[in-house]
Every structure is written in structure tokens, then in C-alpha cells.
Amino acid sequence: MGGGSLAKDHPVEYFSASTLAAVVNYPLWRASALGQSGFRIVTQSNFASVPPSLAPYLYAFSPPYKGLSGTVMGMSWARAAIFYGSDRGKEVLESMGVSHTVATILPPL
């Protein structure tokens, strides 16, 4: 798969990609949290022509975005730590002479 640069050379890119993924996925996370909590959306006039099954998703994509900054920051930090840590851990293990297979499987665990 190419073999080029090392993870330690690109921490900003890992965090930027994680932040972008968190921002894009925030409305879906919000809809999931609403569904899991048992919160029911009261259909208002702007959702009147929408089937009840889609109302939570429209609500999730609509303002107000309470908790957006904390949620996005937490999701970004966690994703960046997971992916950067896995890639960096693989590099460290390979530099110690561990087989490629073990170095690939062990860090995410």
C-alpha cells in the first residue's frame, strides 16, 4: 500500500480529518442520541408534510445545535487519538522488529 510517510509527520492532518468527520456526522449522532433517549419529536408546521419516521432526522439537522462544540471536540479528539495512535503504534512495533501482521493487529486493540 504505498509505504510513504510516517504518522508522526502528520498529526495536524489526523486531527483535521477527525474534526471534519465529526462535523459531518454530528447530525446523525444527534438523531441517534434522540432515538436512544426515547425523546419524541412533536411535529410542528414546518414538519407537517414529513412522515413521522423522518421527523427525528430533520430535527437533528435543524438548529439549535446545543452541545455541538463539546460533542465535535470530543469526537475529534477521540478519533484522532485512535487513528494516530494506531498508525504510530504500528510504526513503533515495526521498528522493534515485530512482524508486520502483529504490528497491524495489536495497536487498535
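**Exercise 1. Glu91 and its partner**

Task: Decide whether Glu91 is buried or exposed in this predicted model, and then work out which residue forms a salt bridge with Glu91.

Solution. Begin with the accessibility of Glu91, which has a relative accessible area of 17%. Buried means under 20% relative accessible area, and therefore Glu91, at 17%, counts as buried.

Next, look for the partner: Glu91 forms a salt bridge with Arg88, and the closest N and O atoms of the pair are 3.1 Å apart. Such a pairing is possible because side chains of opposite charge can pair when their charged atoms come close. Glu91 and Arg88 are 3 residues apart in helix α3, so about one helical turn separates them. Arg88, with a relative accessible area of 27%, is partly exposed.

Then consider the wider setting, in which a search of the whole structure finds 1 salt bridge. Leaving aside neighbours within four places in sequence, Glu91 is also in contact with Leu6, Ala7 and Lys8.

**Exercise 2. The overall layout**

Task: State how many helices and strands the protein chain has, and find what share of its residues is buried.

Solution. The protein chain contains 4 helices and 0 strands, and when it is read along the sequence the pattern is α-α-α-α. Of the 109 residues in the chain, 21% are buried.

The contacts add a further step: among those with a separation of 6 or more, 68% are between residues 24 or more positions apart. Finally, the surface that the chain exposes amounts to about 7,700 Å², of which carbon and sulfur atoms supply 67%.

**Exercise 3. Helix α1 and its kink**

Task: Find where helix α1 has a kink, and identify which elements are included in what covers the buried residues of this helix.

Solution. Helix α1 spans residues 11-37, and a kink of about 50° lies at Asn25, shortly before the proline Pro27. Pro27 itself is one of the buried residues of α1, and these also include Tyr14, Ser18, Ala22 and Tyr26.

The cover over the buried residues of α1 includes α2, which runs over 55-60, and α3, which runs over 68-95. Moving on to the point just after α1, we find Gly38 with a positive phi of about 85°.

**Exercise 4. A buried charge**

Task: Explain what is known about the charge partner of Arg30, and list which residues Arg30 touches beyond four places in sequence.

Solution. Arg30 lies in helix α1, and although Arg30 is buried, it has no salt bridge. The nearest side chain of opposite charge belongs to Glu13, which is 30 Å away. A salt bridge requires a side-chain nitrogen of Lys or Arg within 4 Å of a carboxyl oxygen of Asp or Glu, and therefore Glu13, at 30 Å, cannot serve as a partner for Arg30.

Turning to the contacts, and not counting residues up to four places away in sequence, Arg30 touches Tyr59, Ala60, Ser62, Pro64 and Tyr65.

**Exercise 5. Far in sequence, together in space**

Task: Determine how far apart the C-alpha atoms of Met75 and Ala22 are, and decide whether Met75 is buried or exposed.

Solution. Met75 lies in helix α3, whereas Ala22 is among the buried residues of α1. Although their positions lie 53 residues apart along the chain when counted as a separation, their C-alpha atoms are separated by 5.8 Å. Met75 touches both Ala22 and Trp29, once residues up to four places away in sequence are not counted. With a relative accessible area of 15%, Met75 is buried.

A second pair can be treated in the same manner: Ala33 and Ala60 are 27 residues apart in sequence, and their C-alpha atoms are 9.5 Å apart in space. Ala33 has its place in helix α1, and at 31% relative accessibility it counts as partly exposed.

**Exercise 6. A nonpolar surface patch**

Task: Name which residues make the nonpolar surface patch, and say where Leu54 lies.

Solution. The patch is made by Leu28, Leu54, Tyr57 and Phe61, and it covers about 400 Å². Leu54 lies in the loop between α1 and α2, and its relative accessible area of 43% makes this residue partly exposed.

Definitions and conventions:
Residues numbered from 1 in each chain as written. Predicted model: local features only at pLDDT ≥ 70, side-chain atom pairs only at ≥ 80, totals over all residues. Heavy atoms only, no water. Helix = DSSP H or I, 4+ residues; strand = E, 2+ residues; numbered from the N terminus. Buried < 20%, exposed > 50% of the residue type's maximum accessible area, 1.4 Å probe, protein only. Contact = heavy atoms within 4.5 Å. Areas by Shrake-Rupley, 256 points an atom, 1.4 Å probe, with all protein chains shown as cover. Lys, Arg positive; Asp, Glu negative; His and termini not counted. Bend = angle between axes of the 7 residues up to and from the residue. Patch = residues over 30% accessible without salt bridge, like charges linked within 9 Å, V, L, I, M, F, W, Y side chains within 5 Å.
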